Amino acid sequence: MAVRFDPVDMRRRAKENEADNDAPPHPDGTCVVEGDRDPELLMPHELFSNLLDLGFFPDEERQAEYRKEILEKGRALGFDEKLWPVLKELARDQLRSLEEFHAAVKRRKETGKGSPGFSLEEEMAKCAQHKQNREAVRAYFGAERFDRFLYEVIAPRAAVFMPPNPNWPDQMRFIEGGCR
C-alpha cells in the first residue's frame, strides 16, 4: 500500500501511462496502477472484481472471449471450465450486485433517470458480503493457488485509475477488509 500511494511512484506510473498511451497528463495525485507493469500494487478485491466483471460480462459474445482468454492462461495453474460454475455459486451475491449495477446503468442510458449507485448502507453490506464471497472462492480453490491465479492471469489485463484523494490508502484497507 505504501508504494501504491507513494507520491513519487504515483508520478512515475502516471508519466509511464501517459507516454505509453499518448494520453494527456493525469492530474497531480492520480493513482495509476497497470497490472501488466505493477501487479503487486493491485488489491485482491480489485482483481476478484475484475475476474467477475470479465467472466460474467453482460454481452455473451464478449463474455465467451474473456472466458477463453482467462482459461488459456489459467490452465497452467490447473483452472478449467469448472471455474465459472464455482464462481457463479460462491460469488452469487457479488454477481447479483454486478447485475443490478449493469441494469441500473442500462436504465439510466435508456431513460436518463435513476442512479446506478447504491446507498451507503447497501454498499457496506455488499462490501462485507463480497469479502465473504472472495474468501469462499479462495477456500474452495486453495488461497495460495487462487491468489496466484489472480495475480498471474487477471492482473496483467487490469488497470486502475484513481483520482487524487488523500484518504485512498485507508479506504482501500477498509474495502479489502470487508468494510469492517
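**Exercise 1. Find the residues with the most contacts inside the largest nonpolar core, then look at who surrounds F146.**

Start with the core itself: in this predicted model, the largest nonpolar core has 38 residues. Inside that core, the residues with the most contacts are L51, I70, L83, L87, F146 and F149.

Now pick F146 and skip its neighbours within four places in sequence. What's left in contact with F146 is F48, L51, F79, V137, R138 and F141. Notice that L51 turns up here and is also on the list of residues with the most contacts in the core.

**Exercise 2. Work out how helix 6 and helix 8 are arranged, and which residues make up their contact.**

Two packed helices are described by an angle and a distance between their axes. Helix 6 covers residues 120-141 and helix 8 covers residues 168-176. Their axes sit 9 Å apart, at an angle of about 60°. Angles from 65 to 115 degrees would count as roughly perpendicular and those under 35 as roughly parallel, so helix 6 and helix 8 come out as oblique to each other.

Next, the residues. Helix 6 brings M124, C127, K131 and R134, which meet F174, I175 and E176 of helix 8. Sort the residues of this contact by type and you get 4 nonpolar, no polar and 3 charged.

**Exercise 3. Decide whether E34 and H130 are buried or exposed, and list what each one touches.**

Take E34 first; you'll find it in strand 1, residues 31-34. The cut-off for buried is under 20% relative accessible area. E34 has 13% relative accessibility, so it counts as buried. Its side chain makes a polar contact with the N17 side chain at 3.2 Å. Beyond the residues within four places in sequence, E34 is in contact with N17, N21, P39, A158 and A159.

On to H130, in helix 6. Its relative accessibility is 17%, so H130 is buried too. Leaving out residues up to four places away in sequence, H130 touches D93, Q94 and S97.

**Exercise 4. Set sequence separation against distance in space for C31 paired with H130 and with N165.**

H130 and C31 are 99 residues apart in sequence, and their C-alpha atoms are 24 Å apart. For N165 and C31, the separation along the chain is 134 residues, while the C-alpha atoms are 8.9 Å apart.

Where is N165? In the loop between strand 2 (159-162) and helix 8. N165 is partly exposed, with a relative accessible area of 25%. Its side chain reaches the backbone nitrogen of N167 at 2.7 Å.

Note on methods
Residues are numbered from 1 along each chain as its sequence is written. This is a predicted model: local features need pLDDT of at least 70, side-chain atom pairs count only at pLDDT 80 or more; totals for chains, interfaces and linings use all residues. Side-chain values use heavy atoms; hydrogens and water are left out. A nonpolar core is a set of buried Ala, Val, Leu, Ile, Met, Phe, Trp, Tyr and Cys residues joined through side-chain atoms within 4.5 Å. Buried means under 20% relative accessible area, exposed over 50%, partly exposed in between (1.4 Å probe, protein chains only). Contact means heavy atoms within 4.5 Å. Axes are lines fitted to C-alpha atoms, for helices over the stretch in contact, and angles run from 0 to 180 degrees between N-to-C directions. Helices (H or I, at least four residues) and strands (E, at least two) are DSSP runs, numbered from the N terminus. Angles under 35 degrees count as roughly parallel, over 145 as roughly antiparallel, 65 to 115 as roughly perpendicular and the rest as oblique. Ala, Val, Leu, Ile, Met, Phe, Trp, Tyr, Cys and Pro count as nonpolar, Asp, Glu, Lys and Arg as charged, and the others, Gly among them, as polar. A polar contact is a pair of N or O atoms within 3.5 Å; within protein, one must be able to donate a hydrogen and the other to accept it, and residues adjacent in sequence count only if both atoms are side-chain atoms.
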